[in-house]
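Please load the model in the viewer and display it as a cartoon. The tour below proceeds from the overall fold to individual selections.

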Amino acid sequence: MLDVDLTFSRPGFSLSANFTLRSGGITVLRGDSGSGKTTLAKLLSGAIAPQKGRIVSDDDVWFDSDSRINVSTQSRGIGFVIQTHRLFSNLTVEETIRFPVLFGKRKPLLAFDELVELLSIEKLLERRPKSFPDSCWAFRAQAAKSASQ
């Protein structure tokens, strides 16, 4: 379970979030451009810190402004994928999907072969970004995210 209660602001933007997520699922953030989706993902991952609040994963406190706790990004066991054409432009689809496990030392929920079969992407594994039409990027990002969740 992930319990979040935080506030963050910078010039021209403020974000307040208070929610609980159950463990074991995939969460999608959606909203208008500039609404704070990427900022929230960065706050949860530890890439940036809230000014105030608390983020607790199960019984692990990741951030607590009152106690001055701010666990490093690497120790949080969370990842996010931004859907952009610049996402790992030097990697194949297979390398992109394996990245969180190999470099983030994360245990995947599905074995790689199971994920490939589930998404029916066997023929895409060796392809690189330049060989994909623009419409494939969202799919590629989702595949990478699914493998690391």
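Begin with the whole chain: from the N terminus on, the elements follow the order β-β-α-β-β-β-α-α-α-α. This is a predicted model, and it contains 5 helices and 5 strands. Of its 149 residues, 32% count as buried. Contacts between residues 24 or more positions apart make up 56% of those with a separation of 6 or more. If a surface is switched on, it represents about 9,700 Å² of exposed area, of which carbon and sulfur atoms supply 51%.

**Strands S1, S3 and S4**

Next, select S1 (2-10) and S3 (52-57). These two strands pair in the antiparallel sense over 6 bridges; within the pairing, Leu6 stands opposite Gly53 in S3. Extend the selection to S4 (60-64), which pairs with S3, again in the antiparallel sense, over 4 bridges. Here Arg54 stands opposite Asp64 in S4. The hairpin of S3 and S4 has 2 residues between the strands, and Asp58 in this hairpin takes a positive phi near 55°.

**Helix H1**

Now select residues 37-45, helix H1, and show the side chains of its buried residues: Thr39, Leu40, Ala41, Leu43, Leu44 and Ser45. Which elements cover the buried residues of H1? The cover includes strands S1, S2 (13-21), S3 and S4, together with helix H2 (73-76). The strands selected earlier, S1, S3 and S4, are thus among the elements to keep on display.

Centre the view on Ser45, which is found in helix H1. Is Ser45 buried or exposed? Its relative accessibility is 3%, so Ser45 counts as buried. Two distances may be displayed from the side chain of Ser45: one to the backbone oxygen of Lys42, at 3.1 Å, and one to the backbone nitrogen of Ala47, at 3.3 Å. Between Ser45 and Ala47, select Gly46, which lies just after H1 and takes a positive phi of about 95°.

**Helix H3 and its surface patch**

Finally, move to helix H3, residues 93-104, and select Leu102 within it. In contrast to the buried Ser45, Leu102 counts as exposed because its relative accessibility is 56%. Add Phe99 and Phe103 to the selection: with Leu102 they form a nonpolar patch on the surface, and the three together have about 330 Å² of accessible area. As general background, an α-helix has 3.6 residues a turn, so residues three or four places apart point the same way.

Definitions and conventions: Residues numbered from 1 in each chain as written. Predicted model: local features only at pLDDT ≥ 70, side-chain atom pairs only at ≥ 80, totals over all residues. Heavy atoms only, no water. Patch = residues over 30% accessible without salt bridge, like charges linked within 9 Å, V, L, I, M, F, W, Y side chains within 5 Å. Areas by Shrake-Rupley, 256 points an atom, 1.4 Å probe, with all protein chains shown as cover. Salt bridge = Lys/Arg side-chain N within 4 Å of Asp/Glu carboxyl O. Buried < 20%, exposed > 50% of the residue type's maximum accessible area, 1.4 Å probe, protein only. Contact = heavy atoms within 4.5 Å. Polar contact = N/O pair within 3.5 Å; in protein donor to acceptor, adjacent residues only side chain to side chain. Pairing = 2+ DSSP bridges.
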